[in-house]
Amino acid sequence: MDVSLGELPTAPPREVDRLEAHPLPGRPGVRVVGEVTLDTRRVWREALRLLMRQEGTPLHMELSELAFIDVAGVTDLVTAARSRPEAHIVVHRPPPQLTRVLDIFWPGTDGIEVAP
C-alpha cells in the first residue's frame with residue numbers, strides 16, 4: 001500500500017523544555033526545576049558550575065521539581081563530581097531515571113549520594 005507523506009500522522013508541536021536553577025538558601029547547593037534535555041543543556045551545565053563553585057561539603061542539589069533528566073544530563077553531573085573529588089554532592093529527591101542511569105553506567109560513583 002502506497003502512502004504519501006501528507007497522510008502520515010504527525011505529533012503535535014512540542015513546547016520547548018524549560019529549566020530553572022536557583023541557589024539554596026542557608027546551605028551550599030542549588031534547586032533545579034524543569035527538565036534536563038538537549039534544549040536545556042546550557043542551563044543545566046551552568047547550574048552545575050554554580051554548584052561546584054560553592055564552598056563547603058556536602059553540596060546539595062534539590063531536584064524534587066525536576067521532571068526529567070536525560071543520560072547526557074546525568075553524565076554532566078558525574079563529570080562535575082569528578083572535577084572536584086573532595087566535594088560530596090547530595091542529590092535530594094531526583095527523578096527516578098537519574099538513579100537508574102547512575103546505577104547502570106556509574107554504579108557506586110564516589111562523590112554522589114542520592115537521598116530520597
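A polar contact is a pair of N or O atoms within 3.5 Å; within protein, one must be able to donate a hydrogen and the other to accept it. The model shown in these close-ups is predicted.

**View 1. Asp70 and its polar partners.** The backbone nitrogen of Gly73 lies 2.8 Å from a polar atom of the Asp70 side chain. The side chain of Asp70 also makes a polar contact with the side chain of Arg41, at 2.9 Å. Asp70 sits in the loop between E3 and H2. Its relative accessibility is 17%, so Asp70 counts as buried, since buried means under 20%. Leaving aside neighbours within four places in sequence, Asp70 is in contact with Val36, Thr37, Leu38 and Arg41. From C-alpha to C-alpha, Asp70 and Val101 are 8.7 Å apart in space, yet 31 residues apart in sequence.

**View 2. The largest nonpolar core.** This core has 27 residues. Val32, Trp44, Met61, Leu77, Ile89 and Leu98 touch the most other members. Several elements each supply at least two residues of the core: strands E2 (29-36), E3 (59-69) and E4 (89-92), and helices H1 (41-53), H2 (71-83) and H3 (96-105).

**View 3. Val32 and its surroundings.** Residues up to four places away in sequence are not counted here. Val32 touches Leu19, Glu20 and Ala21. It also touches Trp44 and Ala47. Met61, Glu62, Leu63, Glu65 and Leu66 complete the list for Val32.

**View 4. Helix H1 and its buried face.** H1 has 13 residues. From its first C-alpha to its last, H1 reaches 18 Å, close to the 18 Å expected at 1.5 Å a residue. The buried residues of H1 are Arg41, Trp44, Ala47, Leu48, Leu51 and Met52. Seen down the axis of H1, these buried residues fall within an arc of 130 degrees, so they line one face of the helix. They pack against strand E1 (19-23), E2, E3, H2 and E4. The face of H1 turned away from the buried side carries the exposed residues Arg42 and Arg53.

**View 5. Helix H2 and its packing partners.** H2 has 13 residues. It reaches 18 Å from first C-alpha to last, close to the 18 Å expected at 1.5 Å a residue. Gly73, Val74, Asp76, Leu77, Val78, Ala80 and Ala81 are buried in H2. The buried residues of H2 pack against three strands already introduced, E2, E3 and E4. They also pack against H1, H3 and strand E5 (112-115).

**View 6. Ile89 in strand E4.** Ile89 lies in E4. With 0% relative accessibility, Ile89 counts as buried. Its contacts, leaving aside neighbours within four places in sequence, include Leu51, Met52, Leu59 and Met61. Leu77 and Ala81 are also in contact with Ile89, as are Gly111, Ile112 and Glu113. Ile89 and Asp110 are 21 residues apart in sequence and 9.3 Å apart in space, C-alpha to C-alpha.

**View 7. His92 in strand E4.** His92 also lies in E4. Its relative accessible area is 12%, so His92 is buried. Neighbours within four places in sequence are left aside in what follows. His92 is in contact with Arg27 and Ala115. It is also in contact with His60, Met61, Glu62, Leu63 and Ser64.

Terms used
Residues are numbered from 1 along each chain as its sequence is written. This is a predicted model: local features need pLDDT of at least 70, side-chain atom pairs count only at pLDDT 80 or more; totals for chains, interfaces and linings use all residues. Side-chain values use heavy atoms; hydrogens and water are left out. A nonpolar core is a set of buried Ala, Val, Leu, Ile, Met, Phe, Trp, Tyr and Cys residues joined through side-chain atoms within 4.5 Å. Buried means under 20% relative accessible area, exposed over 50%, partly exposed in between (1.4 Å probe, protein chains only). Helices (H or I, at least four residues) and strands (E, at least two) are DSSP runs, numbered from the N terminus. Contact means heavy atoms within 4.5 Å. The expected span of a helix is 1.5 Å times one less than its number of residues. The arc is that of the directions from the helix axis to the C-beta atoms.
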